[in-house]
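Work through the exercises below with the sequence and the 3D structure in view. Each task is followed by a solution that goes step by step.

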Amino acid sequence: MIHVLVAAHAEAGKNLLLGAELIIGKQPSTHSIEYRVGDDLNALKVQFQGVFSAVGKEDSLLIFVDLYGGSLCNVAALFLSKLPKEQKDRCACISGANLPMVLYALEAREREGVTLEGLKDECLRIGLDGIRDIKKEFRL
C-alpha cells in the first residue's frame, strides 16, 4: 500500500484530502500535517517521523507539500535525508500539492503494478496538466 501524506500550511493539507474524498469516497492510509506560523520545526520533523513509523514495513509513503522551499518542504527534505537508504527508497516527495495530483494518487495507488516512483512521476504530470488558463481553454 502506498500511504499519502499531505503537509501544508494551516488546514490546506487536511482540506485537500477532504476534497479528494468528496469526489472518490473515504480513503484509508491518508495523513496530514498542518503548519502554522511559530510552530516548532523539530516538532514538525517528529510528525513526519510519526507518520512514516505508522507505514508498514512493506508499504511506502508519498508526501505532498504545498510550497517548494517553505518550512514544510525543508523539514520534509531534512526528514528524508536522515533516512537509511532502504527506508528512503520507500518515500517520495512532491511540492506544489494540488487537488488533481492528490486525487490521482489516491485513486491510482492500489492499481496492479503501480510503483511509488511511477505514481510520483504521474502525479507530477497530472498536477502540471491541471493548471490551465480558463479563458483560453473555453475561448472566452
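**Exercise 1.** Determine which residues of helix H5 are buried, and which elements they pack against.

*Solution.* In this predicted model, the buried residues of H5 are Met101, Val102, Tyr104, Ala105, Leu106 and Ala108. The next step is to look for their surroundings: these buried residues pack against strand S1 (2–9), H1, strand S2 (30–35), strand S3 (60–65), strand S4 (91–95) and helix H6 (116–129). Finally, turning to the start of H5, one finds that a side-chain oxygen of asparagine 98 comes within 3.1 Å of the backbone nitrogen of methionine 101, which is itself among the buried residues of the helix.

**Exercise 2.** Describe how H1 packs against H5, giving the angle, the handedness and the residues that meet.

*Solution.* Two packed helices are described by the angle between their axes and the distance between the axes. Here the axes of helix H1 (residues 12–24) and helix H5 (residues 99–108) come within 9 Å of each other and cross at roughly 60°. Because an angle from 35 to 65 degrees is neither roughly parallel nor roughly perpendicular, H1 is oblique to H5. The crossing in which H1 passes H5 is right-handed. On the side of H1, the contact involves Leu16, Leu17, Gly19, Ala20, Ile23 and Ile24, and these meet Leu99, Val102, Leu103, Leu106 and Glu107 in H5. Sorted by character, the residues of this contact comprise 9 nonpolar, 1 polar and 1 charged.

**Exercise 3.** Describe how H5 packs against H6 in the corresponding terms.

*Solution.* The axes of H5 and H6 come within 8 Å and cross at roughly 145°, and H5 passes H6 in a right-handed crossing. From H5, the contact is made by Pro100, Met101, Tyr104, Ala105 and Ala108, while H6 contributes Leu119, Glu122, Cys123, Ile126 and Gly127. When these residues are sorted, 8 are nonpolar, 1 is polar and 1 is charged.

**Exercise 4.** Work out the geometry of the pair H2 and H3, and list the residues that make their contact.

*Solution.* The axes of H2 and H3 are 9 Å apart, and the helices pack at an angle of about 55°. The two helices are therefore oblique to each other, and their crossing is right-handed. The contact is made by Leu41, Leu44, Lys45, Phe48, Gln49 and Phe52 of H2, together with Ser71, Leu72, Val75, Ala76, Leu78 and Phe79 of H3. The residues of the contact of H2 with H3 divide into 9 nonpolar, 2 polar and 1 charged.

**Exercise 5.** Is alanine 77 buried, exposed or partly exposed, and how far apart are alanine 77 and lysine 45?

*Solution.* Begin by placing alanine 77, which is found in helix H3 (residues 71–81). Its relative accessible area is 45%, so alanine 77 is partly exposed. Alanine 77 and lysine 45 are 32 residues apart in sequence, and their C-alpha atoms are 9.8 Å apart in space.

**Exercise 6.** Locate glycine 56, state its exposure and name the residues that it touches.

*Solution.* Glycine 56 lies in the loop between helix H2 (41–54) and S3. With a relative accessible area of 27%, glycine 56 is partly exposed. Leaving aside residues up to four places away in sequence, glycine 56 touches His3 and Arg90. As a last step, consider alanine 12: glycine 56 and alanine 12 are 44 residues apart in sequence and 26 Å apart in space, C-alpha to C-alpha.

Key:
Residues are numbered from 1 along each chain as its sequence is written. This is a predicted model: local features need pLDDT of at least 70, side-chain atom pairs count only at pLDDT 80 or more; totals for chains, interfaces and linings use all residues. Side-chain values use heavy atoms; hydrogens and water are left out. Axes are lines fitted to C-alpha atoms, for helices over the stretch in contact, and angles run from 0 to 180 degrees between N-to-C directions. Helices (H or I, at least four residues) and strands (E, at least two) are DSSP runs, numbered from the N terminus. Angles under 35 degrees count as roughly parallel, over 145 as roughly antiparallel, 65 to 115 as roughly perpendicular and the rest as oblique. A crossing is left-handed if the near helix is turned anticlockwise from the far one by less than a right angle, and right-handed if clockwise. Contact means heavy atoms within 4.5 Å. Ala, Val, Leu, Ile, Met, Phe, Trp, Tyr, Cys and Pro count as nonpolar, Asp, Glu, Lys and Arg as charged, and the others, Gly among them, as polar. Buried means under 20% relative accessible area, exposed over 50%, partly exposed in between (1.4 Å probe, protein chains only). A polar contact is a pair of N or O atoms within 3.5 Å; within protein, one must be able to donate a hydrogen and the other to accept it, and residues adjacent in sequence count only if both atoms are side-chain atoms.
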